[in-house]
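Visitor: I am new to this structure and should like to examine one part of it closely. Please choose a part and then relate it to other places in the chain.

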Amino acid sequence: MITKEAVRQACKSQRAALSIADCASWTSKLCQEILQLEQYEHAQSIMAYLAMPKEANLDDVIEHALQAGKRVYVPVCIDKTTMIAVRLHNLDDVVHGVLNIRVPKEPYEIIDPKDIDLILVPGSGFDRNGGRMGMGNGYYDRFLKELSPSNYIAVAWQVQIMDKPIPMERYDQRMPAIVTEQGVIHVN
Ligand SMILES: Nc1nc2c(c(=O)[nH]1)N(C=O)[C@@H](CNc1ccc(C(=O)N[C@@H](CCC(=O)O)C(=O)O)cc1)CN2
Ligand SMILES: Nc1ncnc2c1ncn2[C@@H]1O[C@H](COP(=O)(O)OP(=O)(O)OP(=O)(O)O)[C@@H](O)[C@H]1O
């Protein structure tokens, strides 16, 4: 049997092997796909994430949302298991936090996850049934646990959609849909 960790390493190394030029070329298409989502259009508050290199980048979506007057939140990990959503007013108001991920400057304006209209969820790999492989700390699994799937959607590059099912465990949250630069994959 292939272990979850082996699949995680495969997903992560596959993403690391992407070229920066390819990622850059997919970014504007991805942004367009997200802006077209009905849930995005209707959302007054969104939670995005500040992408790591080669991760599906949402900076243009964040910029658009801020311009459109939506409230924007991004994740901040405060310990090994807990992630909070912190308001971002400006993409320039960030510092480099743990693992070099950008985070808003303190003091943090924290929101209750239940009060976010749309959460864009990152991952290292997904399958067509909404199976998700994250970075391995279970941050999003815990964060999404009590929320309705209508309030979140996964984001990835199309090459991160695996043909084989992602091994799912008890705590793993299935994604209702995945948006990539090639469109939306709806899960039955
Ligand atoms: N852009 C972005 N922000 C995010 C996440 C994410 O997936 N993407 N997260 C989603 O949960 C949380 C951060 N979780 C992360 C967990 C591990 C690693 C990571 O790269 N770990 C290293 C090993 C640790 C180390 O270098 O010390 C690795 O996997 O090689 C990155 C993010 C919150 N913020
Ligand atoms: N709701 C929860 N309560 C307790 N433990 C949890 C919960 N959700 C996940 N975990 C634990 O967290 C650990 C990491 O989970 P998993 O491998 O699914 O992370 P991931 O989804 O890949 O990571 P991330 O969400 O941080 O990107 C596992 O040991 C899992 O059992």
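Guide: The account that follows begins with one helix and then moves on to other places in the chain.

This is a predicted model, in which local features require a pLDDT of at least 70 and side-chain atom pairs count only at pLDDT 80 or more, while totals for chains, interfaces and linings use all residues. Residues are numbered from 1 along each chain as its sequence is written, chains are lettered from A and ligands numbered from 1 in the order in which they are written, and side-chain values use heavy atoms, with hydrogens and water left out.

The part chosen is helix α2, which covers residues 20-35. Helices are DSSP runs of H or I with at least four residues, strands are runs of E with at least two, and both are numbered from the N terminus. The axis of α2 comes within 8 Å of the axis of helix α4 (residues 59-67), and the two cross at roughly 40°. This crossing makes α2 oblique to α4, since angles under 35 degrees count as roughly parallel, those over 145 as roughly antiparallel, those from 65 to 115 as roughly perpendicular, and the rest as oblique. The axes are lines fitted to C-alpha atoms, for helices over the stretch in contact, and the angles run from 0 to 180 degrees between N-to-C directions.

The residues that meet between these helices can be named. From α2 come Thr 27, Cys 31, Ile 34 and Leu 35; from α4 come Asp 60, Val 61 and His 64. Contact here means heavy atoms within 4.5 Å.

Helix α2 also takes part in an aromatic pair. In the whole structure, a search finds two aromatic pairs. Trp 26 and Trp 157 form one that is tilted, with 5.3 Å from centre to centre and 55° between the planes. Rings of Phe, Tyr and Trp (its six-membered ring) pair if their centres lie within 6.5 Å, with planes under 30 degrees apart counted as stacked, over 60 as edge-to-face and the rest as tilted. Trp 26 belongs to α2, whereas Trp 157 sits in the loop between β10 (152-155) and β11 (161-162), so the pair ties together parts that are 131 residues apart in sequence. Trp 26 counts as buried at 18% relative accessibility, and Trp 157 is buried at 0%. Buried means under 20% relative accessible area, exposed over 50%, and partly exposed in between (1.4 Å probe, protein chains only).

A further residue of α2 is Glu 33. Glu 33 is buried, with a relative accessible area of 13%. When neighbours within four places in sequence are set aside, Glu 33 contacts Val 179, Thr 180, Glu 181, Gln 182, Gly 183 and Val 184.

Other buried residues may be described in like manner, beginning with Phe 143 in helix α5 (residues 139-144). Phe 143 has a relative accessible area of 9% and is buried. Beyond its neighbours within four places in sequence, the contacts of Phe 143 include Met 47, Met 83, Ile 84 and Ile 119. Its C-alpha atom is separated by 9.7 Å from that of Gln 173, a residue 30 places away along the chain.

Among the strands, β2 (residues 71-77) contains Tyr 73, which counts as buried at 5% relative accessibility. Outside the four places on either side in sequence, Tyr 73 is in contact with residues that include Ser 45, Met 47, Ala 85, Leu 88, Glu 109 and Ile 111. Between Tyr 73 and Ile 119 there are 8.9 Å from C-alpha to C-alpha, and the two are 46 residues apart in sequence.

Strand β4 holds Val 94, counted as buried at 17% relative accessibility. Val 94 touches Leu 50, Leu 88, Arg 102, Val 103, Pro 104 and Lys 105, apart from residues up to four places away in sequence. Val 94 and Leu 50 are 44 residues apart in sequence, with C-alpha atoms 9.6 Å apart in space.

The backbone deserves a final look. Most residues other than glycine have a negative phi, and most peptide bonds are trans. Leu 99, in the loop between β4 (94-96) and β5, has a positive phi near 60° and is exposed, with a relative accessible area of 76%. Asn 100 is likewise placed in the loop between β4 and β5; its phi is positive, near 65°, and its relative accessible area of 54% makes it exposed. Glu 106 and Pro 107 are joined by a cis peptide bond, with omega about 0°. Pro 107 is located in the loop between β5 (102-104) and β6 (110-111).
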